[in-house]
Amino acid sequence: MPTQSQSPHLPFGENKNAPWYGKDILSVKQFSRDDLDYVFGVAHEMRGMVERVGTFDLLKGKILANLFYEPSTRTSSSFIAAMERLGGSVISINEVKYSSVSKGESLPDTIRTLECYADVMVLRHPETGSAAIAAKAARKPVINAGDGVGEHPTQALLDAFTIFEELGVGRIDGLTITMLGDLKYGRTVHSLARLLSMYDVKLNYVSPDILKMPKEVMDEVAEKGISQKEFGSLEEALPETDVLYVTRVQKERFEDPADYEKVKGAYVIDPQIMKAAKQEMIVMHPLPRVTEISMDFDDDPRAAYFRQMEYGLYVRMALLAMVLGKA
Ligand code: CP
């Protein structure tokens with residue numbers, strides 16, 4: 001989107017000197033460590049405000065357009081909840097088949113339409129790079145809520161915030177994080193590996209051969225001097241793991257269903273397997289899960305995946321307030 005000086009259309013009343021005012025959020029590559037500290041600080045304050053007062057008027061009068069071309073439960077509803085907790089309103093388009101998209105309207109035209117009515121737009125789309133295309137067309141901020149197998153930056157931010165809140169502020173440095181499952185198509189792990197490479201961490205990757213972490217992501221992480229190891233089985237990596245990040249094998253991303261059949265159910269986290277893990281560690285998952293974490297593990301204090309969803313609310317409140325000049 002254009003700079004403030006180029007755009008006569010940005011709304012009034014914001015702090016135009018706020019660092020993230022009017023910016024798109026498309027990739028974790030936009031964030032420095034200082035930026036992350038800032039996001040986590042604001043998200044922590046949002047958490048306190050929600051716990052104390054529930055809803056407040058920071059974004060009263062502002063409107064979010066929530067545009068989802070792919071299914072979502074958490075990202076979609078947490079952005080709606082975030083806007084409403086901040087006193088704003090939402091135009092929600094979850095079923096694009098009931099919008100003019102079904103008549104052949106292009107993504108740029110849909111975005112240009114929605115920004116006539118809204119102050120900020122959240123977009124989930126099946127094609128990698130779609131959020132950048134939308135941002136180019138828009139005068140107002142666009143937030144990437146997942147673009148195909150590309151990135152899911154707000155998920156990575158909430159994942160890192162979860163680690164901060166669960167294992168203690170400042171404790172990302174020194175941790176060993178093991179990513180498990182579909183590392184090829186999993187946009188959440190692509191974003192998270194890039195984001196964690198800003199810290200002094202060790203990254204382990206455990207996946208079937210056909211679902212390995214893409215070379216492009218591993219090369220970017222290696223450029224930051226981060227240790228990365230690949231494993232075929234979890235047993236070897238689990239005992240040293242501080243954060244086990246489990247992902248679903250995504251049936252919908254496979255071109256050949258036979259390939260999916262070969263690897264579905266390759267890993268299942270259950271109480272028996274977790275006996276080999278530390279007591280002071282956490283298990284995370286972006287969700288939804290299918291069979292990769294047994295429900296028998298849900299009551300273990302190390303199971304952080306339900307708490308992780310709640311941290312997403314606070315991070316998305318922080319991001320909305322930031323791009324609208326209120327944080
Ligand atoms: N984690 C995540 O993106 O979940 P949804 O697909 O439900 O939004």
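Here are some questions and answers about this predicted model, from overall build to ligand site. Residues are numbered from 1 along each chain as its sequence is written. As this is a predicted model, local features need pLDDT of at least 70 and side-chain atom pairs count only at pLDDT 80 or more, while totals for chains, interfaces and linings use all residues; side-chain values use heavy atoms, with hydrogens and water left out.

Q: How many helices and strands does the protein chain have?
A: Helices (H or I, at least four residues) and strands (E, at least two) are DSSP runs, numbered from the N terminus. On that count, the protein chain comes to 10 helices and 9 strands.

Q: What radius of gyration does the protein chain have, set against a compact globule?
A: The radius is taken over C-alpha atoms, and the globule rule is 2.2 Å times the number of residues to the power 0.38. The C-alpha atoms fill a box of roughly 55 × 45 × 40 Å along the principal axes. With 327 residues, a compact globule would come out near 20 Å, and the chain agrees at 20 Å.

Q: Which strands stand at the edges of the 4-stranded open sheet?
A: Two strands pair if DSSP finds at least two bridges between them. The order here is β2-β1-β3-β4, with parallel pairing. Each edge strand has a single partner, so one side of it is left without a neighbour in the sheet; these are β2 (89–93) and β4 (142–147).

Q: Which residue is the bridge partner of Leu123 in β4?
A: Strand β3 (residues 120–125) pairs with β4 in the parallel sense over 4 bridges. The β4 partner of Leu123 is Asn144.

Q: At what angle does helix α2 run to β1?
A: Axes are lines fitted to C-alpha atoms, for helices over the stretch in contact (heavy atoms within 4.5 Å). Angles run from 0 to 180 degrees between N-to-C directions. Helix α2 (residues 74–85) lies across β1 (63–68), β2, β3 and β4, and its angle to β1 is about 175°.

Q: What is the strand order in the open sheet of 5 strands?
A: Pairing is parallel in this sheet. Its edge strands, each paired on one side only, are β7 (227–231) and β9 (282–284). Put together, the order reads β7-β6-β5-β8-β9.

Q: Which residue in β8 stands opposite Met179?
A: Strand β5 (residues 176–180) runs parallel to β8 (residues 243–246), joined by 4 bridges. Opposite Met179 you'll find Tyr245.

Q: Which strands does helix α7 touch?
A: Helix α7 (residues 215–223) packs on the sheet, and its direction makes about 145° with that of β7. The strands touched are β6 and β7.

Q: How much of the ligand's accessible area does the protein cover?
A: Around the ligand (a heavy atom within 4 Å) sit Ser72, Thr73, Arg74, Thr75, Arg124, His152, Gln155, Pro286 and Leu287. Polar contacts (N or O pairs within 3.5 Å) include a side-chain atom of Arg124 at 2.9 Å from a ligand oxygen, and a backbone atom of Pro286 at 2.8 Å from a ligand nitrogen. By the Shrake-Rupley method with a 1.4 Å probe, the cover of the 250 Å² that the ligand has on its own is 91%.

Q: Where is the cis peptide bond that has omega near 10°?
A: Look in the loop between β9 and α10 (305–323), the place of Pro288. Leu287 is found in that loop too, and its phi is near 65°, a positive value in a residue other than glycine. The cis bond runs from Leu287 to Pro288.

Conventions
Polar contact = N/O pair within 3.5 Å; in protein donor to acceptor, adjacent residues only side chain to side chain.
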